[in-house]
Amino acid sequence: MRDLNAPANPLETLAYIIAQQIHDHSVVYIGTGLPMVAGILAKKTHAPNITIVYESGGQDPIEGDMPWSVGCPFTWRKSPTIMEMAYSFAQCYNGYVDIGFLGFAQVDRYGNVNTHMIGKDFHHPKVRLTGSGGNNDLSSLMGNMVLVGLQTPDKFPEKVDFVTSVGHLNGGNSRREAGLIGNGPSAVISPWGVYDFHPVSKRMQVKSLTPGVTFEIAQSLTGFELLKPEGEIPQTKLITDEALKIIRTQVDPRGVFTTMPSA
Amino acid sequence: MAKFVYNQEAVDNLHLSDTSILDRLIDFESAREAHSKKEHAKKDKRMTIGEAVATFVQDGDIITDGGFSYVRTPHQAFHEVMRQGKKNLQMIGSPNTNQSFFIFYGLVDYSHNSYSGAEMRGIDRLYDRALKHDKITVLSEWSHGGMAQGFKAAQLGTPGVASKQMLASDIVRYNPYLNVIQNPLKKDKDPVVFVPALYPDVSFIHCHAADKYGNAYIYGPAVNDLAVAAAARKVIITAEEIVPENDIRYNKQGQIIPFFYVDAVVEMPFGALPGSMPGCYYWPRQWWEKCMRWATLTDENAKAFLDEWIMNIKDQFEFVEKLGGAKWIAEARRQTKAAEGDNEDIDFSYEEFTLKHDSGLYY
């Protein structure tokens, strides 16, 4: 049983902010981990009528426990249909999916994502990571992709070590010219800030910051130059007591994805 | 001398000196010939997993798996391949079930990747070390969806499909099979990736039920399995149970692999262990945590763990005994049925394996 009185940790904060991106009645493509928490939180709070689809092929599962894996039966619990993998991604291409969430190991100023490796030498990386999975497919095909992860200068570098998934490529119209579908990533969310992309240059800019975080702090956590919006930077809406309680009692009571690794 | 013209940038980036190693995966003519020559008659194809592997897996083959995310993946058949010590294998698949175990024992030299790791349980440190120590050569990088399109293209009966996935990413620069071409019908510039049809040599697919001829039934996510069954030169079905043909005809329509694709039918209850099997058993979650958090830390740990659970084990029944026997079976069935909404909801709490705590339990 989780301590209901402890202050929100960064993962819970993140899950709440992600959930706020989800509008009711939309079709939501969910990757493994925190996005699962956010999707189910949204469904239990402000967006009860969303349809969640998963990479396993699971479509619109009925409510259950937190999936242990993206292939877990909770991602296809009594689904009216379960898609083969090729068809599951095709839903994004064909325009049926309204919003998707993906993680990253590195993201650059144009929202290009790396989940392949850390290091410069493909054959002898510092660390080999998982590779694409479905990350590239969603990024290539989605109009409204939200990238979710932790923020340090290494994770927000000038240049990612491997372009697993194309965001806005080199900025401007380069994504469209390269033939990719949709408008590309719409937001990047870290515990410290919510970022979006300049409408013309497609460079990452600050949209709102977590209370206590200034632009200077956000910049110091970023390996490239962040764009600063005109005027005062809004504060990200903090997790409410009610949402925190729902995460801890209903969405992720065992803390599978929302307890800090050291805890 | 290679039969095909490959994406030269990727060939260079991957340091491939002889590209003929790439040929068989996309060699439609030889796949069609294999499909034409295999047994088309409706015959009893039952055999043991030992016989199936000895007969249908040759050194140098490209092997692939069914299932996804350690769900309905053919682990126990793969364990037998490892015990028989096949050599110079290539592996392709999404998930590419435990290719790092094969590499560790020196069976697999080449990989076609779309994902390696175990989600939140962590990255595959065994694969990471294999790469750094030049024990594995990557022949191609993919996305899950791109690879799925390659298998699907084979099932569709086409040389390949035009895709909007993987465009402009480094995946295209590390995949010799991919070429970016212009959509011929568009007036404006419209790049697409030509994804060739993919033909692995051997598909292992673990199913819920099969008849003795090879008609095989899948419940739950089918992932790429219907496609890889159609594509592969040889198909080995392992099944939780062997049922009469009429049971398939009357009761199990839906996701069926047709018998004439199939070379061998193996009765193999618990064949997906240590993965989960829809309707039958949930993951032994601590097994994966111990594997990813402890076994992959060092080669010594890996050897101890993999020897204990794979190399020194006779069959899947011994595996079940080590997990906890009949009690494990009952608990794992209760868990998966509850997760699927076919049992009353239960508490999914368990004692997680950490480096500081090993309960010895696997449920």
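Why is helix α6 of chain B largely enclosed by the rest of the structure? In this predicted model, 6 of the 8 residues of the helix (residues 125-132) are buried, so the element is largely enclosed by its surroundings. The buried positions are B:Leu126, B:Tyr127, B:Asp128, B:Arg129, B:Ala130 and B:Leu131. The elements that cover them include α5 (99-104), β3 (108-113), β4 (137-141) and α12 (299-311) of chain B, together with β7 (127-128) of chain A. At the N-terminal end, α6(B) is capped by B:Asp124, a side-chain oxygen of which lies 3.1 Å from the backbone nitrogen of B:Leu126. Just after the helix, B:Asp134 adopts a positive phi of about 55°.

Two salt bridges involve residues of this helix. Within α6(B), B:Asp128 pairs with B:Lys132, with the closest N and O atoms 3.0 Å apart; the two residues are separated by 4 positions, about one turn of the helix. B:Asp128 is buried, at a relative accessible area of 8%, whereas B:Lys132 is partly exposed at 26%. B:Arg129, buried at 17% relative accessibility, forms a salt bridge with B:Asp299, the closest N and O atoms again being 3.0 Å apart. Because B:Asp299 lies in helix α12 and B:Arg129 in helix α6 of chain B, this pair ties together parts that are 170 residues apart in sequence. B:Asp299 is partly exposed, at 33% relative accessibility.

Over all chains, the count comes to 36 salt bridges. Another of chain B joins B:Lys164 to B:Asp190, with a closest N to O distance of 2.6 Å. This pair links loops 26 residues apart, B:Lys164 lying between β5 and α8 and B:Asp190 between β6 and β7. Both residues, B:Lys164 and B:Asp190, are buried.

Methods. Residues are numbered from 1 along each chain as its sequence is written. Chains are lettered from A and ligands numbered from 1 in the order in which they are written. This is a predicted model: local features need pLDDT of at least 70, side-chain atom pairs count only at pLDDT 80 or more; totals for chains, interfaces and linings use all residues. Side-chain values use heavy atoms; hydrogens and water are left out. Buried means under 20% relative accessible area, exposed over 50%, partly exposed in between (1.4 Å probe, protein chains only). Contact means heavy atoms within 4.5 Å. A polar contact is a pair of N or O atoms within 3.5 Å; within protein, one must be able to donate a hydrogen and the other to accept it, and residues adjacent in sequence count only if both atoms are side-chain atoms. A salt bridge is a side-chain nitrogen of Lys or Arg within 4 Å of a carboxyl oxygen of Asp or Glu.
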